[in-house]
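User: Please take a close look at the helix packing in this structure, and then place it among the strands and loops. I am new to the structure and would welcome one connected account.

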Amino acid sequence: MADFDLIVRGGTVVTESGTTRCDVGVKNGRIEALAENLDGNAETIIDATGRLVLPGGIDSHVHLSQPSGPGIVMADDFESGTRSAAFGGNTTVLPFCLQQKGQSLREAVKHYHSEAEGRCYTDVSFHLIISDPTEQVLGQELPALVKDGYTSFKVFMTYEDLKLSDLELLRVMDVARETGALVMVHAENHDAIRFLTERLEREGRTEPRHHATSRPIAVEREATHRAISLAELIDVPVMIVHVSNREAMDEIRRAQGKGLKVFAETCPQYLVLTESDLDGLNMEGAKYVCSPPPRDAASQDACWEGIEDGTFAVFSSDHCPFRYEDVAGKLAPKGRTSFRWIPNGIPGIATRLPILFSKGVGEGRISLQTFVALTSTNHARAYGLYPRKGDIALGSDADLAIWDPEKKVTLTHDLLHDGCDYTPYEGMELTGWPVTTIVGGRVIVDDGVLVAVRPEGVHVARGQSEYVHKELDHGTA
Ligand code: URP
Ligand code: ZN
Ligand code: ZN
């Protein structure tokens with residue numbers, strides 16, 4: 001009988017706290033041994049000589065199978081989305097479970113579980129999107145769901161069907177404070193966007209590029225300030241997601257400087273895309289329509305600064321994929337009449353890690369340890385998965401990504417294995433690639449090939465966020 005199910009031999013193990021030459025022994029899905037030269041045999045041995053062995057990526061901002069308006073269909077379901085995630089070195093993703101107006105939150109959760117069950121290549125865990133904070137939702141459903149391990153929820157300050165008023169934001173934040181959950185905030189001022197959109201439309205400025213004109217930096221800065229102020233009023237930690245520019249970062253830094261528990265996320269699109277990508281001829285610019293929109297070179301520099309100095313705790317994809325050549329996607333007929341109707345969101349679940357590795361680690365902006373923290377460990381800490389996930393430590397899940405740090409790759413859509421028909425990063429030259437992805441000790445992707453026989457990822461109930469740290473009387477911590 002073999003000592004281990006799997007041994008990864010000869011690699012350099014990197015965690016948030018250090019880099020060591022180390023073999024990794026795996027049994028029953030967990031890391032059972034770590035040693036420079038591990039004794040023992042295994043059914044499967046992977047030679048990782050010359051490679052880096054990292055905790056698998058955790059992408060804590062992902063949209064899969066999410067309803068997105070009449071006639072619009074998201075390009076990825078749980079199967080294609082998690083498959084693509086695995087090709088990009090991820091082992092866990094946190095997609096959103098969207099409560100539609102009038103819907104019970106518990107019903108929404110049941111529905112997403114039925115969509116995900118038996119279809120995930122990575123592990124998954126749902127955040128809740130609260131779009132209808134009724135008394136029943138706030139008083140009963142949310143507290144019960146937090147106890148069941150859904151310990152984070154997202155609220156929106158924009159989008160017609162999702163936006164909450166300040167009163168509703170405060171009510172949801174208050175439940176988070178009571179239950180010890182972490183609130184994620186999409187910070188853009190809806191009324192300001194609507195005003196600018198209507199004016200642009202009256203002027204006949206309806207091309208995709210005006211999506212960015214309708215959502216300028218002030219719209220994000222104001223909402224970021226307001227979200228932080230509301231959170232401060234009731235003393236609740238918040239995570240400001242998909243931050244795109246320096247002015248919003250200044251609000252976050254001021255709050256952090258005052259000792260408030262304000263955390264922040266940025267995404268690849270804010271490091272490597274700009275507003276001018278929305279300029280493409282005809283409808284090509286629609287491929288880059290996401291909110292907040294990509295900004296300019298100065299904003300990119302600011303976001304890099306925030307990555308380097310710790311303003312950002314997490315780096316996520318905000319993968320929200322719509323096919324381009326598709327009337328149910330970016331080329332929806334209404335979208336041709338105005339940018340207002342182009343489905344918001346871009347794909348990026350497989351490209352998040354290679355872009356940050358190449359442009360961040362490869363170009364000397366961040367260390368390997370910081371890379372691991374920003375792409376895996378901090379997500380686990382922020383969302384109640386640590387130390388089960390986000391680390392290479394005895395007893396942790398055997399979720400590993402083996403990287404070839406020298407591999408040169410020109411990004412093309414066919415490398416990504418998602419349900420989309422384009423990548424916004426086509427043609428980008430990168431150095432460093434996740435060659436093998438292992439989830440719970442099972443090899444899922446190896447050398448560009450999906451080797452998993454079937455999707456066996458599971459839904460993980462989460463504990464309390466380390467960023468919240470609240471004493472609870474019902475024992476979910
Ligand atoms: O454009 C985006 N980001 N779409 C996804 C939904 C969201 O706001 O995160
Ligand atoms: Zn958002
Ligand atoms: Zn999103």
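Analyst: Two helices are said to be in contact where their heavy atoms lie within 4.5 Å. The structure shown is a predicted model, and the account below begins with one helix pair.

With contact understood in this way, helix H4 and helix H7 can be described residue by residue. On the H4 side, Asp 166, Leu 169, Leu 170, Met 173, Asp 174 and Arg 177 take part, and they meet Arg 226, Ala 227, Leu 230, Ala 231, Leu 233 and Ile 234 of H7. Sorted by class, this contact holds 8 nonpolar residues and 4 charged ones, with no polar residue.

Two packed helices are described by the angle between their axes and the distance between the axes. H4 spans residues 166-179 and H7 spans residues 217-234; the angle between them is about 50° and their axes are 10 Å apart. H4 is therefore oblique to H7. The handedness of this crossing is right-handed.

A second pair may be set beside it. Helix H2 (residues 105-116) packs on helix H3 (residues 135-147) at an angle of about 35°, the axes being 9 Å apart. From H2, the residues Leu 105, Arg 106 and Val 109 meet Val 137, Glu 141, Leu 142, Ala 144 and Leu 145 in H3. By class, the contact of H2 with H3 comprises 6 nonpolar and 2 charged residues, and no polar ones.

A further helix leads to the strands. Helix H12, residues 352-362, lies across E7, strand E17 (400-410) and strand E18 (429-439), and runs at about 135° to E18.

These three strands belong to an open sheet of 7 strands, whose order is E3-E2-E7-E17-E18-E19-E20 and whose pairing is mixed. Strand E3 (18-21) and strand E20 (449-450) stand at its edges; each has a single partner strand, so one side of each is left without a neighbour in the sheet.

The pairing can be followed from strand to strand. Strand E2 (residues 12-15) runs parallel to strand E7 (residues 52-55), and 2 bridges join them. Val 13 has Val 53 in E7 as its bridge partner. From E7 to E17 the pairing is antiparallel, over 4 bridges, and here Leu 54 stands opposite Ala 401 in E17. E17 is in turn paired with E18 in the antiparallel sense, over 8 bridges. Ala 401 appears again at this step, with Thr 437 as its bridge partner in E18.

There is also an open sheet of 4 strands with mixed pairing, in the order E5-E4-E1-E6. Its edge strands are E5 and strand E6 (42-47), each of which pairs on one side only. From one strand to the next, the twist averages 20°. Strand E1, residues 4-9, pairs with E4 in the antiparallel sense over 3 bridges, and Val 8 stands opposite Val 24 in E4.

The loops complete the picture. Most residues other than glycine have a negative phi, and most peptide bonds are trans. Against that background, several loop residues deserve attention. Asn 28, in the loop between strand E4 (23-27) and strand E5 (30-35), has a positive phi near 50°. Because its relative accessibility is 65%, Asn 28 counts as exposed.

Ser 65 likewise has a positive phi, near 50°, and it is found in the loop between E8 and H1. Its relative accessibility is 19%, so Ser 65 counts as buried. Pro 70 lies in the loop between strand E8 (57-62) and helix H1 (78-87). With 84% relative accessibility, Pro 70 counts as exposed. Pro 70 and Ala 328 are separated by 258 residues in sequence, yet their C-alpha atoms are 8.9 Å apart in space.

Two peptide bonds that lead into prolines are cis. One of them runs from Ser 291 to Pro 292, with omega near -10°; Pro 292 is placed in the loop between helix H9 (269-272) and helix H10 (297-309). Another joins Tyr 386 and Pro 387, where omega is about 5°. Pro 387 lies in the loop between helix H13 (368-382) and E17, which leads back to a strand crossed by H12.

Key. Residues are numbered from 1 along each chain as its sequence is written. Chains are lettered from A and ligands numbered from 1 in the order in which they are written. This is a predicted model: local features need pLDDT of at least 70, side-chain atom pairs count only at pLDDT 80 or more; totals for chains, interfaces and linings use all residues. Side-chain values use heavy atoms; hydrogens and water are left out. Two strands pair if DSSP finds at least two bridges between them. Axes are lines fitted to C-alpha atoms, for helices over the stretch in contact, and angles run from 0 to 180 degrees between N-to-C directions. Angles under 35 degrees count as roughly parallel, over 145 as roughly antiparallel, 65 to 115 as roughly perpendicular and the rest as oblique. A crossing is left-handed if the near helix is turned anticlockwise from the far one by less than a right angle, and right-handed if clockwise. Ala, Val, Leu, Ile, Met, Phe, Trp, Tyr, Cys and Pro count as nonpolar, Asp, Glu, Lys and Arg as charged, and the others, Gly among them, as polar. Buried means under 20% relative accessible area, exposed over 50%, partly exposed in between (1.4 Å probe, protein chains only).
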